[in-house]
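This briefing is meant for a reader meeting the structure for the first time. It begins with the chain as a whole and then turns to a helix, a loop, the aromatic pairs and the nonpolar cores.

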Amino acid sequence: RVDILDPAILRPGRFDRQVAVGRPDIKGREEILQVHAKGKPLGDDVNLGEIARTTAGFTGADLENLMNEAAIMAAKAHRSYIIQEDINKAFVKVGIGAEKKSRVISEKEKRITAYHESGHAILFHLLPDVGPVHTISIIPTGRGAAGYTMPLPEKDEMFNTKNQMFENIVVDLGGRVAEELVIGDVTTGASQKLGLINYDQDEDEVFIGRDLAHTRSYGEHVATVIDEEVKRIIDEAYGKARELISAHEEVLHRTAALLIEKEKVSREEFEALFQTAGSASEQAAGPEAC
């Protein structure tokens, strides 16, 4: 890491060239997967090209980890080859953390988590620059999450637009909004200090003396303007999240009910809920509304 090297090492004549190795594109990911699939028999339903498409943002190490975890899943199932289901389970473990199905949770916690994740999922589905949804789950993970909503990147993008960043904030607030609408309260998983903004600094910094040389290059007036702009953006995103989820409250209830029943919902199952909700609305409206 260049940022922790002694400046003397970086003097002219020592290291005169830096080579940046970025994350691989879809073609690079497929070639990396082919390397790490050697010696690992694959089932007929495994398509490395499709896996490459759904792993946007993965590094070479992530892809190696994915194939190794899939091989472990196959071995645990007493199978001598990897199937797509092994890849799917490994994808969750690498991206989010291993599922802890042995953990016992109350019906109240399960219901709260179901609505929380349903809120995220609805926004992933509705907003054009994020999503779509790959999997929704209320199975706790090894990283402390009560559940997760995993989007499915469909293309590699080098840049984020302003709207993409805004929509990501909207999605992040979806769990909190769903809890407020249905339960009338928010849990620790959705709460923030001072309203929707957490002003805590990162306490996980590993370097001793991290604040010794820290200076702020702007005055109090600019700091106030920054605080006001942050609040404006968050309030606007919250209003957008609440508007969209309120407009699709039927889908929210349907998704939560399906999650409570199955604990995990696929993209196809989730998107079908929008279709059935739309059909039910048309029938209720009657022929004159058409």
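The protein chain exposes about 18,200 Å², of which carbon and sulfur atoms supply 52%. The model is a predicted one, and the points below describe it topic by topic.

**The chain as a whole**

- The protein chain has ten helices and three strands, and from the N terminus on these elements run in the order α-α-α-α-α-β-β-α-α-α-α-β-α.
- Of the 290 residues in the protein chain, 33% are buried.
- Among contacts in the protein chain with a separation of 6 or more, 70% are made by residues that are 24 or more positions apart.

**Helix H1 and its surroundings**

- Helix H1 covers residues 26-37, and its twelve residues should span 16 Å at 1.5 Å a residue, which agrees with the 16 Å that separates its end C-alpha atoms.
- The buried residues of H1 are Gly28, Arg29, Leu33, His36 and Ala37, and because they cover an arc of only 165° around the axis, they lie on the same side of H1.
- On the face of H1 turned away from its buried side are the exposed residues Lys27 and Val35, whereas the cover over the buried residues of H1 includes helix H2 (48-53) and helix H3 (60-76).
- Just after H1, Gly39 takes a positive phi of about 85°.

**Thr54 in the loop between H2 and H3**

- Thr54 lies in the loop between H2 and H3, and it counts as buried because its relative accessibility is 15%, under the 20% cut-off.
- Leaving aside residues up to four places away in sequence, Thr54 touches Phe91, Leu152 and Pro153.

**The aromatic pairs**

- The structure holds two aromatic pairs; in one of them, the rings of Phe58 and Phe91 have their centres 5.6 Å apart and their planes at 5°, so this pair is stacked.
- This stacked pair links distant parts of the chain, since Phe58 belongs to the loop between H2 and H3 while Phe91 belongs to helix H4 (residues 84-95), 33 residues apart.
- Phe58 is buried, with a relative accessible area of 12%, and Phe91 also counts as buried, at 10% relative accessibility.
- The rings of Phe270 and Phe274 have their centres 5.4 Å apart and their planes at 90°, so that pair is edge-to-face.
- Phe270 and Phe274 both lie in helix H10 (residues 267-285), where they are four residues apart, about one turn of the helix, and both of them are buried.

**The nonpolar cores**

- In soluble globular proteins, nonpolar side chains tend to be buried together.
- The largest nonpolar core has 33 residues, and those that touch the most other members are Leu123, Leu127, Val170 and Phe270.
- At least two residues of this core come from each of helix H5 (107-126), strand E1 (133-137), helix H6 (162-172), helix H7 (174-182), helix H8 (220-247), helix H9 (249-262) and H10.
- Leu127 touches Glu167, Val170, Val171, Lys240 and Leu244, when residues up to four places away in sequence are not counted.
- A second core, separate from the largest one, has 21 residues, including Val46, Ala70, Ala90 and Ile96.

Methods: Residues numbered from 1 in each chain as written. Predicted model: local features only at pLDDT ≥ 70, side-chain atom pairs only at ≥ 80, totals over all residues. Heavy atoms only, no water. Expected span 1.5 Å × (residues − 1). Buried < 20%, exposed > 50% of the residue type's maximum accessible area, 1.4 Å probe, protein only. Arc of directions from axis to C-beta. Contact = heavy atoms within 4.5 Å. Areas by Shrake-Rupley, 256 points an atom, 1.4 Å probe, with all protein chains shown as cover. Phe/Tyr/Trp six-rings, centres within 6.5 Å; stacked < 30°, edge-to-face > 60°. Core = buried A, V, L, I, M, F, W, Y, C linked by side-chain atoms within 4.5 Å.
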